[in-house]
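Me: I want to learn how to read a ligand site in a model. Can you take me through one?

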Amino acid sequence: MTAWFQPAYPLLLSAFMSGDIGVLIGKSALITGASAGIGAAAARVFCREGAAVTLVARREAQLAALTEELRAAGHRAQYVVADVAKSEDVARAVAAAVDTYGRLDAAFNNAGYGVEPKPMHLLDEDAYDTTMDTNVRGVWNCMRHEIRAMLLTGGGAIVNNSSTAGLVATPVSAPYIASKHAVIGMTKAAATEYAPHGIRVNAIAPGSTRSEMIDTWLKSNPEMEDVLLQAAPLPRIADPAEIAEAAVWLCSDRASFVVGTTLSVDGGWTTR
Ligand SMILES: NC(=O)c1ccc[n+]([C@@H]2O[C@H](COP(=O)([O-])OP(=O)(O)OC[C@H]3O[C@@H](n4cnc5c(N)ncnc54)[C@H](OP(=O)(O)O)[C@@H]3O)[C@@H](O)[C@H]2O)c1
């Protein structure tokens, strides 16, 4: 058996034994930014759909508690403490997924940072650097290591988390808007390069979603909640699991002909 066709049977067997039935059965999936918000919700939804997951973020306590919860429910889960802005950290996380589960089939590159919105001329250099390092370099680091692993087993699926701010200028910071546009550009570039090698790369563009990031912002700008709600045909803030469902679908074989797209999951925000 060559490295190109390493079978997923061990993962399939373990999924069936744990009672999982879903669209990611037999797949090994890596999720970044899994210590909170959308990433933590994705960990639960990916596991529900049968994936064996490798969870990545910087805060160990949150990752350990979530991994414990998932294992107690009969799922296959592990975590790696890593900073997506550091290539060597991401390499370690991808290697852990391959070492433990034998392969990497799917990745949800979700880790992100949003600086408190302020007019551009009032932001400091660090706001730009941290936003770009996390949101752009992070996705660059993740995709490069994930692609190397996926090429060894004949392909996979990658979903990058952009934002409505990757499509239009929402009322958030300029570096965040620029970084999320870059995620979509990098998604299209990678989709084009790797579709012929069996790797589908897509992005999602969530609207306002209940999480630490948005809660912190709305706490200091309570008037913004109404502004956001009034701009959307579905006037509410999404539950993180609603975003995770889109990522799962794009990672699954059900989305087998979807390549290089950006799926808005925003209650219609970008229709106006
Ligand atoms: N909430 C929204 O309304 C919304 C809308 C559109 C898009 N998004 C995007 O959705 C993604 C998830 O955000 P969220 O809303 O769920 O926010 P959140 O609750 O603040 O979660 C952010 C996650 O990213 C991780 N993270 C941040 N910097 C990291 C780094 N350098 N290395 C590794 N992990 C890092 C954090 O973990 P640690 O701190 O433990 O590292 C955390 O798990 C982000 O890309 C965000 O831009 C959110």
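Reply: We start with the ligand and end with a cavity. This is a predicted model, where local features need pLDDT of at least 70, side-chain atom pairs count only at pLDDT 80 or more, and totals for chains, interfaces and linings use all residues. Residues are numbered from 1 along each chain as its sequence is written, and side-chain values use heavy atoms, with hydrogens and water left out.

Me: Which residues come nearest to the ligand?

Reply: A residue is near a molecule if one of its heavy atoms lies within 4 Å of it. Here 29 residues surround the ligand, and Ser35, Arg58, Asn110, Tyr176 and Ser211 come nearest. By class, the shell has eleven nonpolar, 13 polar and five charged residues. Nonpolar means Ala, Val, Leu, Ile, Met, Phe, Trp, Tyr, Cys or Pro; charged means Asp, Glu, Lys or Arg; the others, Gly among them, are polar.

Me: Which side chain has an N or O atom 2.8 Å from a nitrogen atom of the ligand?

Reply: A polar contact to a ligand is a pair of N or O atoms within 3.5 Å. The side chain is that of Asp83. Backbone atoms take part too: a ligand oxygen lies 3.3 Å from a backbone N or O atom of Glu212, and a ligand oxygen is 3.4 Å from a polar backbone atom of Met213.

Me: How much of the ligand does the protein bury?

Reply: Accessible areas come from the Shrake-Rupley method with a 1.4 Å probe. Alone, the ligand exposes 880 Å², and the protein buries 94% of that.

Note on methods. Polar contact = N/O pair within 3.5 Å; in protein donor to acceptor, adjacent residues only side chain to side chain.
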